Amino acid sequence: MPDRFPETTLRTERLILRPFGGADIEDVQRGCADEATQRWIPLTTPYTLADAGSWCTTRAHALRESGDGIHFAVVDAGTDRLLANVGLRHTDWETSTTEIGYWVSPWARGRGHAAEAVRIVAGWVLGEQRFERLELKAADGNAASQRVAVKAGFQREGLLRNAGVTHTGRVDLVLFARVRQDLGGS
Ligand SMILES: CC(C)(COP(=O)(O)OP(=O)(O)OC[C@H]1O[C@@H](n2cnc3c(N)ncnc32)[C@H](O)[C@@H]1OP(=O)(O)O)[C@@H](O)C(=O)NCCC(=O)NCCS
């Protein structure tokens with residue numbers, strides 16, 4: 001049995017971060033087919049309802065079980081409507097390091113959801129899960145994502161040249177990280 005994160009639900013006053021389920025399928029399809037999401041994340045294209053169904057009921061859960069990470073459906077605490085996907089991936093259990101990624105549903109952008117959800121997952125993985133380092137990589141041209149990183153308390157560490165892939169070609173990635181010692185300031 002590989003090391004893996006426990007199935008978990010996290011909460012803020014307005015957000016719940018819970019495992020994906022069948023009720024999220026249509027909203028995942030819309031979020032992943034969205035032009036801005038596809039611009040920065042090289043998801044399957046076209047992204048179909050079948051792709052979303054597979055993500056919500058199988059793949060997101062299998063990734064947690066494999067030890068690669070954990071993927072949260074970020075939903076409105078009042079309505080349970082999907083607002084975002086925030087997930088951990090490429091987890092290295094030997095060095096206690098992992099990487100965070102996210103997209104926000106097109107109808108929910110610009111309201112601080114990404115920064116709030118990233119901040120709570122960072123606090124959980126570096127605190128309760130006792131990880132040492134959480135990386136965040138954003139394309140050099142993705143100003144909104146870099147802003148999310150800064151708002152969520154990450155420090156910029158440098159530029160990873162030619163490290164990223166988009167549908168339109170390779171990109172440089174800006175590397176951000178939060179480490180355990182940063183938690184005191186959050
Ligand atoms: C990037 C993304 C996750 C941001 O989600 P969000 O919930 O709107 O983010 P927040 O509201 O927490 O913060 C966005 C910040 O970026 C800023 N921003 C938005 N567009 C911007 C732009 N083009 N240039 C500079 N800043 C921008 C906003 O003003 C806000 O900062 P502020 O609160 O200081 O005003 C969302 O736009 C998205 O899903 N994009 C497509 C997928 C993606 O890029 N994922 C990240 C891959 S690394």
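Leaving aside residues up to four places away in sequence, A122 touches G127, L134, F154 and R178 in this predicted model. The residue is found in helix α4, which covers residues 113–128. At 0% relative accessibility, A122 counts as buried. A further neighbour in space is worth a look: L88 lies 34 residues from A122 in sequence, yet the two C-alpha atoms are 9.5 Å apart.

A wider frame for these contacts comes from the UniProt record, an unreviewed entry, which annotates residues 15–178 as "domain: N-acetyltransferase". Helix makes up 35% of the chain over residues 15–178, and strand makes up 36%. The end C-alpha atoms of this stretch are 22 Å apart.

Helix α3 deserves a paragraph of its own. It runs over residues 49–66, 18 residues in total. From its first C-alpha to its last, α3 reaches 24 Å, close to the 26 Å expected at 1.5 Å a residue. The helix nevertheless bends, by about 50°, at W55. W55 is also one of the buried residues of α3, together with A52, G53, C56, A60 and R64. As general background, an α-helix has 3.6 residues a turn, so residues three or four places apart point the same way. The cover over the buried residues of α3 includes the helix α1 (25–33) and the strands β3 (70–76) and β4 (82–92). After the helix comes G67, whose phi is positive, near 95°.

The buried C56 of α3 leads naturally to the question of cysteine pairing. How many disulfides does the model hold? The count comes to zero. C32 is in no disulfide, and the nearest cysteine sulfur, that of C56, is 8.4 Å away. Seen from the other side, the closest cysteine sulfur to that of C56 is in C32, and a separation of 8.4 Å is too far for a bond, because a disulfide requires the two sulfur atoms to be within 2.5 Å. Both cysteines are buried: C32 has a relative accessible area of 3%, and C56 has one of 1%.

Charged side chains give a busier picture, with a count of twelve salt bridges. R133 takes part in a salt bridge with E135, where the closest N and O atoms are 2.8 Å apart. Both of these residues are buried. R133 also forms a salt bridge with E157, and here the closest N and O atoms are 2.7 Å apart. This second pair links distant parts of the chain, as E157 sits in strand β7 (residues 155–166) and R133 in strand β6 (residues 133–139), 24 residues apart. Is E157 buried or partly exposed? With a relative accessible area of 44%, E157 is partly exposed.

E135 has another partner as well: its side chain meets that of K137 in a salt bridge, at 3.9 Å from N to O. That distance falls within the 4 Å cut-off for a salt bridge. K137 is partly exposed, with a relative accessible area of 29%. Which residues belong to the network built from such shared partners? Salt bridges that share partners join R89, E99, R133, E135, K137 and E157 into one network. The network thus brings together the buried R133 and E135 with the partly exposed E157 and K137.

Technical notes
Residues are numbered from 1 along each chain as its sequence is written. This is a predicted model: local features need pLDDT of at least 70, side-chain atom pairs count only at pLDDT 80 or more; totals for chains, interfaces and linings use all residues. Side-chain values use heavy atoms; hydrogens and water are left out. Helices (H or I, at least four residues) and strands (E, at least two) are DSSP runs, numbered from the N terminus. The expected span of a helix is 1.5 Å times one less than its number of residues. The bend at a residue is the angle between axes fitted to the seven residues ending there and the seven starting there. Buried means under 20% relative accessible area, exposed over 50%, partly exposed in between (1.4 Å probe, protein chains only). Contact means heavy atoms within 4.5 Å. UniProt positions are given in the numbering used here, feature names are shortened, and annotations may be inferred rather than shown by experiment.
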